[in-house]
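Biologist: I should be grateful for a close look at a single part of this protein, namely the residues around the ligand and what they are set against.

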Amino acid sequence: MKDQVLIDGLKVDTVIGVYDWEKQIKQQLSIDLAMAWDNRPAAASDDLADALDYASVAEAVTNLIQQRPRQLIEQVAEEVAQLLLTEFKVTEVTVTVAKPGAVPAANSVAVKITRSAIAAKE
Ligand SMILES: Nc1nc2c(c(=O)[nH]1)N=C([C@H](O)[C@@H](O)CO)CN2
């Protein structure tokens, strides 16, 4: 079973960065999520209660990221992954956190991680 629920390009303004000037401003992060989820129950029932509600996920991820300043996008990615594994009972998630403004010569820079429920318990 390879079903997923996807969120692509979730924009979150937050305080993020290593340097002093970055701690005074908000910058935009762009979040991509690929979450393992069996979509067959929701397809059969046509009931949101059986689905992984992408709107709830997007709201929770935005709130988590805006909770406090962080230095590295790596920490953002890890905390988002753990939120999805523990609160939303996703069994595996790939999180990409992009910081489009960070390197002017690049379209974007990002980190991408994959975490699973079994590895989270170790
Ligand atoms: N792997 C990373 N490298 C860098 C990060 C980061 O979060 N992860 N952050 C910075 C600075 O905050 C940069 O974005 C300022 O332009 C540098 N390298």
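Modeller: The model is predicted. By class, the shell around the ligand comprises five nonpolar residues, three charged residues and one polar residue. Its members are Gly17, Val18, Tyr19, Glu22, Leu72, Ile73, Glu74, Lys99 and Ala102.

One of these shell residues, Ile73, falls within helix H3, which spans residues 73-86. Helix H3 also leads to the largest nonpolar core, to which H3 gives the most, with seven residues. That core has 22 residues, and Leu29, Val76, Val80 and Val93 touch the most other members. Strand E2 (27-36), helix H2 (54-66), helix H3 and strand E3 (92-98) each supply at least two residues of the core.

Val76 merits particular attention. Leaving aside residues up to four places away in sequence, Val76 touches Ile16, Leu29, Ile65, Arg70 and Val97. Leu29, one of these contacts, is itself among the core residues that touch the most other members.

The strands that supply the core are also paired. E2 and E3 run antiparallel and are joined by six bridges. In this pairing, Met35 has Val93 of E3 as its bridge partner, and Val93 is another of the core residues with the most contacts to other members. Strand E1, residues 4-14, is likewise antiparallel to E2, with nine bridges joining them. Within E1 and E2, Lys11 stands opposite Ser30. In a regular strand, side chains alternate between the two faces of the sheet.

Methods. Residues numbered from 1 in each chain as written. Predicted model: local features only at pLDDT ≥ 70, side-chain atom pairs only at ≥ 80, totals over all residues. Core = buried A, V, L, I, M, F, W, Y, C linked by C-beta atoms within 7 Å. Buried ≥ 20, exposed ≤ 12 C-beta atoms within 10 Å, placed from the backbone. Helix = DSSP H or I, 4+ residues; strand = E, 2+ residues; numbered from the N terminus. Contact = placed C-beta atoms within 7 Å. Near = placed C-beta within 6 Å. Nonpolar A, V, L, I, M, F, W, Y, C, P; charged D, E, K, R; others polar. Pairing = 2+ DSSP bridges.
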